[in-house]
Amino acid sequence: MNILYISSKKSWGGVITWMQKTALALENRGHQVFIISHPQSEFTKKSDKRLNLISRKLGFMYNLFTSFWLAKFIKKNGIDLIVANIEKEIVAGGLAARICKIPLLRRVGNQGDFKKALKYRLHHNLFVDYTMTISEFTKKESLKKVNWMDSDKFSVIYHGRNTKKIAQSKIADERVKLGIAKDDFVLGITSRLDKEKGIADVIKAFGLLSSSYREMVLVITGVGEELSSLKKIVQNLRLGEKVIFAGFTSNPLLRAAVYDIALTYTYNEAIPNTLFEYLSVGCVTISSRIGGIPELIEDEVNGILVEEKNPEKLAEKILCLFKNENIRKEISKAALYTIEKKFSEEMMIDNLEILYKKVISG
């Protein structure tokens, strides 16, 4: 199969991580995957050099020049299927797909991607042949929100990760780079720095514990528009050097392995990709009980679930795990087992191959 992914997003998020991972995995199975990415995006700047990445702007909505350029690219490279995400990609790629008589699959990360306005329904009906999402929750909520969608052309394929054992020497080196002392207990979060990710509440929960448990540090990995406001919260709570803003990482699994407890406290999401990264290295995780997260995390088995927007309750859960090393070990084992048996990368790519072939043949 020859697949074309279209990405017009400038920031690095879950869909970008998914595109990079699935493109490389499909290439390893003998398929060819091209990715069109915005020239100023984090994806273009920091993507794996093995990708067939084309740097190009889509321009304004209904840009016929872009669609005809895409159609020419499709014919030249024998593209069988387009995979897109947001509206601009669907319109540009969809028109090109219709010209070349190939299908377009929409990959949806969140039910909020669907709008009830007439133009969105028109775009979907004109250009989208099949829809895929990453959780049963998102599928259910999407179909409830926009009842004109065809449920028979809507599939769920979860993220996939392979478990990975990371050498203690590499973890120790990473801790040194981050300025973490040997005996520090690390709370960590890897996330885009947006309001909906709940990072402000994570900092507040940490602040409730920091003065009593001096060995705790909080590492925040990621970039985003909320960086300055999060730093102000740290300053106001007088947490000083106990909170480390570690910026972007090109090796999220190594960073997750540094965390003694990983946190995902998002307010509105299906299943964050970082959760799969945490579990794949056996990281003990506390997550908000929202969206499709309970489809991956079983409370007090392979992770801990807690209500969102409640720093006090989050602090209680952190403290409980901090004081119980045996519980942390059991959760870590269960996390690895979950990835191996239910959410491996091989399972994800197997399911993607089946779906892509189905959409192409259909």
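In this predicted model, the buried residues of helix α8 are I199, D201, V202, I203, A205, F206, L209 and S210. These buried residues pack against a varied set of neighbours: the strands β8 (185-190), β9 (216-221), β10 (243-247) and β11 (261-264), together with the helices α9 (227-236) and α12 (311-322). The helix itself covers residues 199-210, and its length can be checked with simple arithmetic. With 12 residues at 1.5 Å a residue, α8 should span 16 Å, and because its end C-alpha atoms are 16 Å apart, the expectation and the model agree.

One of the strands packed against α8 is β9, and this strand contains I220. I220 counts as buried because its relative accessibility is 1%, under the 20% cut-off for that class. Leaving aside residues up to four places away in sequence, I220 touches I189, L193, I199, I203, V243, I244, F245, A246 and G247. Two of these contacts, I199 and I203, are also among the buried residues of α8. A separate comparison takes I220 with L305: the two are 85 residues apart in sequence, and their C-alpha atoms are 20 Å apart in space.

Attention now turns to an open sheet of seven strands, in the order β3-β2-β1-β4-β5-β6-β7 and with parallel pairing. The edges are held by β3 (52-55) and β7 (154-156), and each has a single partner strand, so one side of each is left without a neighbour in the sheet. From one strand to the next, the twist averages 25 degrees. In general, the strands of a sheet pair through backbone hydrogen bonds, in either a parallel or an antiparallel manner. At the β3 edge, the pairing with β2 (residues 32-37) is parallel and runs over four bridges. On this seam, S37 has S55 in β3 as its bridge partner. A helix also belongs to this picture: α14 (residues 345-361) lies across β1 (2-7), β4 (81-84), β5 (104-108), β6 (130-133) and β7, and runs at about 165 degrees to β6.

Aromatic rings offer another way to follow the fold, and the structure holds 10 aromatic pairs. One of them joins Y5 and W18 in a stacked arrangement, with 5.5 Å from centre to centre and 25 degrees between the planes. Since Y5 lies in strand β1 and W18 in helix α1 (residues 14-28), the pair ties together parts that are 13 residues apart in sequence. Y5 is buried, with a relative accessible area of 0%, and W18 counts as buried at 3% relative accessibility. F276 and F343 make an edge-to-face pair, 5.7 Å centre to centre with 70 degrees between the planes. Here F276 belongs to helix α11 (residues 273-280) and F343 to the loop between α13 (325-342) and α14, so this pair ties together parts that are 67 residues apart in sequence. Both F276 and F343 are buried.

Rings can also gather into groups or sit beneath a charge. W12, F43 and F248 form one aromatic cluster. F248 has a further partner, as the charged end of K46 sits over its ring, 4.1 Å from the centre. Elsewhere, R56 lies over the face of W69, at 4.1 Å from the ring centre.

Conventions
Residues are numbered from 1 along each chain as its sequence is written. This is a predicted model: local features need pLDDT of at least 70, side-chain atom pairs count only at pLDDT 80 or more; totals for chains, interfaces and linings use all residues. Side-chain values use heavy atoms; hydrogens and water are left out. Two strands pair if DSSP finds at least two bridges between them. Helices (H or I, at least four residues) and strands (E, at least two) are DSSP runs, numbered from the N terminus. Axes are lines fitted to C-alpha atoms, for helices over the stretch in contact, and angles run from 0 to 180 degrees between N-to-C directions. Contact means heavy atoms within 4.5 Å. Rings of Phe, Tyr and Trp (its six-membered ring) pair if their centres lie within 6.5 Å; planes under 30 degrees apart count as stacked, over 60 as edge-to-face and the rest as tilted. Buried means under 20% relative accessible area, exposed over 50%, partly exposed in between (1.4 Å probe, protein chains only). A charge sits over a ring if NZ of Lys or CZ of Arg is within 6 Å of the ring centre and within 35 degrees of the ring normal. The expected span of a helix is 1.5 Å times one less than its number of residues.
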